[in-house]
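The exercises below are meant to be worked with the sequence and the coordinates open side by side. Each task is followed by a solution that proceeds step by step.

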Amino acid sequence: MDRRRGWSVLRAYVLYRLVLATLLLGITLADLAGKLFGAEDPRLYWWTIGGYFGLLATGFLLSYLRRPDLIAQATLHAGLDIVVFTALMYASGGASGSLGALLVSAIAGSAILLPRRLVITVTAAAALAIIGVWLYGIWQSFALRTGAPYLSLDLLPPLVDWALVHGASGGQTALICLALAAAAAAAYTIAERTRNSETLVLERTQELLEMAELNAAIIRHLQSGILVVDRHARVKLMNQMAAELLDFHERPIGLPLSDISPLLSQRLGAWIGSGLTQTQPFRPAEHLPELIPEFTALSGNLAFETLVFIEDSNAAAARLQQIKLAALGRLTASIAHEIRNPLASISHAAQLLVESTANPGEKRLGKIIHDNAGRANQIIANVLDLSRRDKASPEDIHLRSWLEDFCHDFMRGRGDPMPEMEIRVQPEDLTVHFDAGHLQQVLWNLCNNACEHGTLPGESPRVRILAALDPERFRPYLDVIDFGAGIPEAEARQIFEPFFTTNPKGTGLGLYLSREMCEANRAQLQYRPNPSGPGSCFRLTLPTATRTPATTMNTTEEPTWNLAGR
């Protein structure tokens, strides 16, 4: 139960007992005590009622101070009720039914606030107090009859016989004790269920509030305009995008839709009247784009709330264009695949022509045909790779051994002049998760570019491959570094664009395809100047490593492999 609710219940409980004490005090002041209560000891009855009233008033003030805590105050009030009502029953001549019922209600009130262990303790103490008053009353009547000054073992048999004959109130006492137990159990059970229900309600309320905040955040950041209008076409919700599309920047809640956008209100009325699923676009103002509205009845009944989607027609056209481009790309890939076979035949025929003729002019023409057929075949291969860029099959790759094998294969495939390859891997057991075929194509392209475009005139190609971990993000990266003149800043901004090339014989798709394959493996490919001197550096930032080193890279201790051509 919420703490504030608990203190409120305690104050209500104290106020009830204050009213009860006031009534009993009023009975005493009206001189009716001798007829109703307090016949046995009116003085004790008077002082008990007066003290009870004063202590309850003090307890009511302490409930606002909240000192001591809630459980302690509820326990003290329960003990006070037991003492007071026991004294009142004694002053009234025994376990009176009326006063016993008042004690039952007081204990039931305490059970609402106390935990189970204290409820059992307080109920048992109240029952023992009632039984004690009943037994003391029997002993008093027995002692008065027999004149015995104190209880002894010899007096137990006659006392028992006296109790069986004259203890007529024993049944009533037993009923009060049973009522105490039943009332305390019922009050505690109901209070516990109420507390559990309140807790569940609070949890569900919190979940609903969180869900409402989440929905509001989603609606607020949607790229489509969202409005909700009631049966009277008054706006109940409108997100920021709808306000921008309709050029309405005041508080829209509660306003008629016609005040915000008369044209949209007309489209809504036409939709409700005709029930058409398609509505005509409209332009809110000359300087605003054309909007496409879409209406949906939230409750399935047009008489109630309606959800309105507003979309910029230019954005819809752009999405449609993307779909068309995707279909065109698939068609292009299919056509490219079909062209490869004729190109292979042309290339083979040109090669045979060169080998079968001795005429220099025919040899030159055959070589031109063969070279251009190879270039066209390379363009087709790049286009097919572009269509397959998303089909990645990542696997764990141990970089040190994999890079060694790659460098040997690359040097065998390059020919003269043989490049000098340098590999640095730190830590030595660095493992990455990447598609091996894609990584092979990306590094081959980067190393080939380094050899062709990253070499100064008169020097042999040199390529350094550095594999390490980013000390801040703990992500592995691969740097492919050359020692040429570098890339001009104007060209560096365009090198990843498709079909951009400075080589007349190039296709301009190499770096673009490399970046696409990296993104398919959740990696990033970036260009940056060589941090250690002249030249260029292409950094491939890979997905999170499967091993996190305990220390950062030490450049003086990293293992290096120099692979030079022989």
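**Exercise 1. The chain as a whole**

What area does the protein expose, and what percentage of it do carbon and sulfur atoms supply?

Solution. The model is predicted, and in it the protein exposes about 32200 Å², of which carbon and sulfur atoms supply 58%. Turning from surface to interior, buried residues make up 38% of the 566 residues. The secondary structure comprises 16 helices and 12 strands, and among contacts with a separation of 6 or more, residues 24 or more positions apart account for 65%.

**Exercise 2. A pair of helices and the loop between them**

Determine how α2 and α3 are oriented to each other, then describe the loop between them.

Solution. Begin with the axes: those of helix α2 (residues 42–65) and helix α3 (residues 70–91) come within 10 Å and cross at roughly 170 degrees. Angles over 145 degrees count as roughly antiparallel, and α2 and α3 are therefore roughly antiparallel to each other. By class, their contact has 14 nonpolar, five polar and one charged residues. On the α2 side the residues include Leu-44, Tyr-52, Leu-56 and Leu-62, and on the α3 side they include His-77, Leu-80, Asp-81 and Phe-85.

Next, take the loop between α2 and α3, where Arg-66 is placed and where Pro-68 is also found. Arg-66 has a positive phi of about 60 degrees although it is not a glycine, and at 28% relative accessibility it counts as partly exposed. The peptide bond from Arg-67 to Pro-68 is cis, with omega near -5 degrees.

**Exercise 3. An aspartate in a strand**

Establish whether Asp-479 is buried or exposed, and identify the partner of its side chain.

Solution. Asp-479 is found in strand β9 (residues 476–482). Its relative accessible area is 2%, and since buried means under 20%, Asp-479 is buried. The side chain of Asp-479 makes a polar contact with the side chain of Arg-539 at 2.8 Å. Leaving aside residues up to four places away in sequence, Asp-479 also touches others, among them Arg-464, Leu-466, Arg-528 and Phe-538.

**Exercise 4. A helix and the residue beyond it**

Which residues of helix α16 are buried, and what is the phi of Arg-522?

Solution. In helix α16 (residues 510–520), the buried residues are Leu-511, Tyr-512, Leu-513, Ser-514, Glu-516, Met-517 and Cys-518. Arg-522 lies in the loop between α16 and β10 (524–529), and its phi is near 60 degrees, a positive value in a residue other than glycine. At 57% relative accessibility, Arg-522 counts as exposed.

Notes: Residues are numbered from 1 along each chain as its sequence is written. This is a predicted model: local features need pLDDT of at least 70, side-chain atom pairs count only at pLDDT 80 or more; totals for chains, interfaces and linings use all residues. Side-chain values use heavy atoms; hydrogens and water are left out. Helices (H or I, at least four residues) and strands (E, at least two) are DSSP runs, numbered from the N terminus. Buried means under 20% relative accessible area, exposed over 50%, partly exposed in between (1.4 Å probe, protein chains only). Contact means heavy atoms within 4.5 Å. Accessible areas come from the Shrake-Rupley method with a 1.4 Å probe; for residues, only the protein chains shown count as cover. Axes are lines fitted to C-alpha atoms, for helices over the stretch in contact, and angles run from 0 to 180 degrees between N-to-C directions. Angles under 35 degrees count as roughly parallel, over 145 as roughly antiparallel, 65 to 115 as roughly perpendicular and the rest as oblique. Ala, Val, Leu, Ile, Met, Phe, Trp, Tyr, Cys and Pro count as nonpolar, Asp, Glu, Lys and Arg as charged, and the others, Gly among them, as polar. A polar contact is a pair of N or O atoms within 3.5 Å; within protein, one must be able to donate a hydrogen and the other to accept it, and residues adjacent in sequence count only if both atoms are side-chain atoms.
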